Amino acid sequence: MVIEQTAAGPPGQGVPLVLRAWQEAALPVVIGELKARKRPIVAAIMGAGKSVLIAALIQRSREQEGRGVIVLAPRTSLVEQLAGTFGNVLGAVNVGQWWEAEKQADRRVTVSTYQSLPTLVDAWRKLGRTCALLVCDEAHRTEAAVILEAVGSLETLAPGRWLARIGVTATPFRSDDKEALSLWDSVAFRYGYKEAVRDRVLVPYRVINWEGGGDPEDVDRICADMLIAADRWPALVNAKTIVDAEEYAVYLGKRGIPAMAIHSQLSRKEQA
């Protein structure tokens, strides 16, 4: 695999990418690490645009015939989101998904869940494909035994048995021993909250503490009042239970705030 600074994609290319300043700065650092046969991590705050950075890296890669790129994410919702982003940039015909409901292993880029990686490796082996690049979203989750074993199998499908890989995450270090960094050499680029606010990529948050009692009606009213006073939309409210979320969505609607409860008991289509 060769990764170049300039992007000129294959047939079916999507829309041109417009990168943020931090993404422009991260690209040559990551490309340099890969050329030095290192396995870098990019640590960037949530909402900064890590998926676009991944798309830009893939856009600049040059895989030989029969070789492809695998991108891993911990949840199917993220797989679908990433596949949509990559499809817009690289062209939908070049991007496939691999998980329970989707089995597309013959595209230039395959986006899969971590849990589905072992079966994807088997599918690529049967197709005679090799892996030019592995990208792990939320890379701090890669220490599970099944993932380590699957990545080891994937290395056998890499040119020269050396697997070029990149990790991206907002939290590269955790206290849990199962969320270590044995698959990675170092954090090569960091983009934190202060930098994101400075660059107006994120807006600063403000914490407002309320020391009132725990009466449910008071909590509901005060939270709604705070939403109205802030007047920043869309907004997110976290509830303790599914029932609480559904009831509070109805409550907000009565206060003139259109709301919907999103939870695991809804269908995938409703959640989307």
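In this predicted model, strand β5 (residues 95-99) is mostly covered, with five of its five residues buried. Val95, Gln97 and Trp99 point one way from β5, Gly96 and Trp98 point the other way, and all are buried. This arrangement illustrates a general pattern: in a regular strand the side chains alternate between the two faces of the sheet.

**The sheet around β5**

Strand β5 has partners to consider in turn. Four bridges join β5 to strand β7 (residues 109-113), and these two strands run parallel. Within that pairing, tryptophan 98 stands opposite serine 112 of β7. Two bridges join β5 to strand β6 (residues 102-103), and here the strands run antiparallel. The bridge partner of tryptophan 99 in β6 is glutamate 102. A hairpin of two residues makes the connection from β5 to β6. In general, strands of a sheet pair through backbone hydrogen bonds, either parallel or antiparallel.

These strands belong to an open sheet of eight strands, in the order β6-β5-β7-β4-β8-β9-β2-β10, with mixed pairing. The edge strands are β6 and β10 (186-191), each of which pairs on one side only. At the β10 edge, five bridges join strand β2 (residues 40-44) to β10, and the two run parallel. Proline 40 has serine 186 as its bridge partner in β10.

**The chain as a whole**

The protein chain contains nine helices and ten strands. Its C-alpha trace spans about 65 × 40 × 40 Å along the principal axes. Of the 272 residues in the chain, 42% are buried. Among contacts between residues at least 6 apart in sequence, 70% join residues at least 24 apart. The chain exposes about 15,200 Å², and carbon and sulfur atoms supply 53% of that area.

**A covered helix and a buried acid**

Helix α2 (residues 50-60) is largely enclosed by the rest of the structure, because ten of its eleven residues are buried. Among them are Lys50, Leu53, Ile54 and Arg60.

Lysine 50 also enters the description of aspartate 137, a residue of strand β8 (residues 130-137). Aspartate 137 is buried yet has no salt bridge, and the nearest side chain of opposite charge, lysine 50, is 5.8 Å away. A salt bridge requires a side-chain nitrogen of Lys or Arg within 4 Å of a carboxyl oxygen of Asp or Glu, so this separation does not qualify. Leaving aside neighbours within four places in sequence, aspartate 137 is in contact with Leu72, Ala73, Pro74, Leu78, Leu82, Tyr114 and Val168.

**Salt bridges**

A search of the whole structure finds ten salt bridges. Some of them are listed below with the N to O distance.

| Acidic residue | Basic residue | N to O distance |
|---|---|---|
| Aspartate 122 | Arginine 125 | 3.7 Å |
| Glutamate 138 | Arginine 141 | 2.6 Å |
| Aspartate 218 | Arginine 221 | 3.4 Å |

Aspartate 122 and arginine 125 both lie in helix α4 (residues 117-127), three residues apart, about one turn of the helix. Likewise, aspartate 218 and arginine 221 both lie in helix α7, three residues apart, about one turn. The general reason is that an α-helix has 3.6 residues a turn, so residues three or four places apart point the same way.

How accessible are the residues of these pairs? Aspartate 122 is partly exposed, with a relative accessible area of 41%, and arginine 125 is partly exposed at 40%. Glutamate 138 is buried, at 16%, whereas arginine 141 is partly exposed at 35%. Aspartate 218 is partly exposed at 32%, and arginine 221 is partly exposed at 38%. The residues Asp218, Arg221, Asp225 and Arg255 are linked in a network of salt bridges.

**Nonpolar residues towards the surface**

Tyr193, Tyr205 and Val207 make a nonpolar surface patch of about 340 Å². Valine 207 lies in the loop between α6 (193-198) and α7 (216-230). Its relative accessibility is 59%, so valine 207 counts as exposed.

Leucine 148, in helix α5 (residues 145-155), is partly exposed, with a relative accessible area of 29%. Not counting residues up to four places away in sequence, leucine 148 touches Thr142, Glu143, Ser182 and Leu183. Leucine 148 and leucine 266 are 118 residues apart in sequence and 32 Å apart in space, C-alpha to C-alpha.

Terms used
Residues numbered from 1 in each chain as written. Predicted model: local features only at pLDDT ≥ 70, side-chain atom pairs only at ≥ 80, totals over all residues. Heavy atoms only, no water. Buried < 20%, exposed > 50% of the residue type's maximum accessible area, 1.4 Å probe, protein only. Lys, Arg positive; Asp, Glu negative; His and termini not counted. Contact = heavy atoms within 4.5 Å. Pairing = 2+ DSSP bridges. Patch = residues over 30% accessible without salt bridge, like charges linked within 9 Å, V, L, I, M, F, W, Y side chains within 5 Å. Areas by Shrake-Rupley, 256 points an atom, 1.4 Å probe, with all protein chains shown as cover.
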